[in-house]
Amino acid sequence: MPHLVLDKVSVHYDGQPAPAVERVSIDIGKSDSGRGDFVVLVGRSGCGKTSLLNVAAGLVEPTRGQATIGGRPITAPGPDRAVVFQNDALFPWLTARENVAFALRLRGVNADKRTRRADELLSLVKLEGAGDKRIWELSGGMRQRVGLARALAAEPEFLLLDEPLGALDALTRERMQTTLLDLWAAAQVGVLMVTHGIEEALVLATRIIVLAPGPGHVVRSFETHFGRRYAAGEPIRSIKADPAFTTARAELTDAIFEGEAA
Amino acid sequence: MSISAYTERPAAKASETDGLSVPWSRPKPKRAAVSARLVSAITILMLLAAWAVSAELKLVSPVFLPSPAAVWAKFVVVARDGFVDATLLQHIGASLWRVFAAVVAAILIGVPVGLAIGISRIGRGVFDPLLEFLRPIPPLAYLPLIVIWFGIGEPSKILVIAIAMLAPVALSTAAGVRGVSRERINAARSLGATRFQVVRHVILPSALPSILTGLRIALGAGWSTLVAAELVAATRGLGFMIQSAAQFLVTDVVVMGILVIATIAFALEFIIRRIERVVVPWAGRD
């Protein structure tokens, strides 16, 4: 039952007058029942969301504080924490299936097993039959699905999602939200996600962490339960129409813009 | 209808286009592409005609400018009987072999050097000044030195051509490596790729379109160096053929040789473009 922990992490980039993030602590758990935390970082531009995600990924070294996974310090990127970026970062010289199988190929898994596993994952993200497609033949939403399947192929403990739906149009984004919830349930991973979407955060998260800039720090952190209702079988539209959802959205919006006018 | 339907600029079929969904740039009739080619064809025909007429009217002495017909006749004769102890095919074969051997050498050395420049600061510190030093020197300037070092045999000729090709291959490779998106590399690392695997599975394929472009430029440089390389102690080759013809003022062979080189270079360019389309079909699409 590993935890991904950021402990009083500060990030100060070379040549910047102020730190991007100061003393932020986040604990993402993964329980024995398999349901991991789905932690969503929200906040205005410049609040250090992506910096924190990169620290968790091992792409940025914290200036102070420490990032650990299962108690071991994070020093480099690793397949236990697969990252999905906003721009899919897929490999255009490979087919969709080969992209998904990339992590397996790195490990020297044989071709038959690779293909079988990749096809399983492609059907998990509802792209069955698209395995032979080239990346440039896929729409933005399909690309992100391939990106998610590729990350899951590494069999990560945690998924780190950096605005994965940011570049998609509104309708595709709504559909991808349910895909994310399904994946999260099926793959039994903990998730750390960065987003600008307030509704998205409420739908997906088990915990929302609101950050404010100057330098980035946590202003609020609260648990939500809307994702659980989807998992229990309630349609996403009916959840979003619930007055409780509207109230939560207003509350979250207030928290994000708190102090902005001052 | 969402706004994105307009910004995506769909390739509208005429049948689907109505007054409300006119795409941003309306498809134009395909006249422009055809006419550019037509203009090129007419230009070439005009030049040929001017050449034929001035030769026919003897505006210029045939020693300076043989007629197109004379050049063609010479082409047939040399192709059949040869010129200075070798048929045209043998001359072409000798030159092609040198150019290809040089291409292989330039790739074997240039691509790793380019990778080193693009990937590591030390590699860049070591190789960048060497290449910048080598690049502007005309091949005729270092040819004598290479002959002193390596003699007058085949290796010297290949080496001269390969040196001319090295810089374009290495610098294009380096540019390609530096252009690899950060996110792609980070994604691969987070999927468990080692440093070597990142180079092998991400950087090299990402740089491939750029490497192929460098190869095209290098082939151009190689052909221009060919004649210089064949100045010294060659007994075969297109450059040698032109040289010896010039010494005896056999101008029709000189002109014919030039046209043969141009044709081969054009054909190679065409072939590489074909290869690009097959090997890197994603170039310019991501």
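# Exercises on a predicted two-chain model

Strand β3 (residues 38–43) and strand β8 (residues 190–194), both of chain A, pair in the parallel sense over four bridges. Strands are DSSP E runs of at least two residues, helices are H or I runs of at least four, and both are numbered from the N terminus. Two strands pair if DSSP finds at least two bridges between them.

The model is predicted: local features need pLDDT of at least 70, side-chain atom pairs count only at pLDDT 80 or more, and totals for chains, interfaces and linings use all residues. Residues are numbered from 1 along each chain as its sequence is written, chains are lettered from A and ligands numbered from 1 in the order in which they are written, and side-chain values use heavy atoms, with hydrogens and water left out.

## Exercise 1: the six-stranded sheet

Task: Place β3 and β8 of chain A in their sheet, and find its edge strands.

Solution.
- Start with a residue pair. A:V39 stands opposite A:L192 in β8(A).
- Write the strand order. It is β6-β7-β8-β3-β9-β10 in chain A, an open sheet with mixed pairing.
- Mark the edges. β6 and β10 (217–223) of chain A each pair on one side only.
- Check the twist. Neighbouring strands are turned by 20° against each other on average, direction ignored.
- Add the helix. α5(A) packs on the sheet and touches β6 and β7 (158–162) of chain A. Contact means heavy atoms within 4.5 Å.
- Give the angle. The direction of α5(A) makes about 170° with that of β6(A). Axes are lines fitted to C-alpha atoms, for helices over the stretch in contact, and angles run from 0 to 180 degrees between N-to-C directions.

## Exercise 2: the four-stranded sheet

Task: Which strands of chain A stand at the edges of the four-stranded sheet, and why is one side of each left without a neighbour?

Solution.
- Write the order. Four strands of chain A form an open sheet, β2-β1-β4-β5, with antiparallel pairing.
- Read off the ends. β2 (21–28) and β5 (72–73) of chain A each have a single partner strand, so one side of each lacks a neighbour in the sheet.
- Inspect one end. Two bridges join β4 (residues 64–69) of chain A to β5(A). There, A:I69 stands opposite A:R72.
- Add the helix. α1 (residues 49–57) of chain A lies across β1 (4–11), β2 and β4 of chain A, at about 125° to β1(A).

## Exercise 3: the nonpolar cores

Task: Where do the residues of the largest nonpolar core come from, and which of them have the most contacts inside it?

Solution.
- Fix the term. A nonpolar core is a set of buried Ala, Val, Leu, Ile, Met, Phe, Trp, Tyr and Cys residues joined through side-chain atoms within 4.5 Å. Buried means under 20% relative accessible area, exposed over 50%, partly exposed in between (1.4 Å probe, protein chains only).
- Take the largest core. It has 117 residues, and A:I208, A:L252 and B:M165 have the most contacts inside it.
- Find the main contributor. Helix α9 (residues 195–229) of chain B gives the largest share, twelve residues.
- Look around B:M165. Leaving out residues up to four places away in sequence, B:M165 touches B:V99, B:A102, B:V103, B:A106, B:A218, B:L219 and B:G222.
- Note the second core. This separate set has 31 residues, including A:V9, A:L41, A:A56 and A:F158.

## Exercise 4: a buried helix in chain B

Task: What covers the buried residues of α8(B)?

Solution.
- Describe the chain. Chain B has eleven helices and zero strands. Buried residues make up 38% of its 286 residues.
- List the buried positions. In α8 (residues 182–190) of chain B they are B:R184, B:I185, B:N186, B:A187, B:A188 and B:S190.
- Find the cover. It includes β6 (81–84), α3 (102–106) and α5 (140–153) of chain A, together with α9 of chain B.
- Look past the end. α8(B) is followed by B:G192, whose phi is positive, near 105°.

## Exercise 5: aromatic pairs

Task: Classify the pairs B:W72–B:F75 and B:W149–B:F150.

Solution.
- Set the rule. Rings of Phe, Tyr and Trp (its six-membered ring) pair if their centres lie within 6.5 Å; planes under 30 degrees apart count as stacked, over 60 as edge-to-face and the rest as tilted.
- Count. The rule gives seven aromatic pairs over all chains.
- Classify the one pair. The centres of B:W72 and B:F75 are 5.2 Å apart and the planes stand at 25°, so the pair is stacked.
- Classify the other. B:W149 and B:F150 are edge-to-face, at 6.4 Å centre to centre and 80° between the planes.
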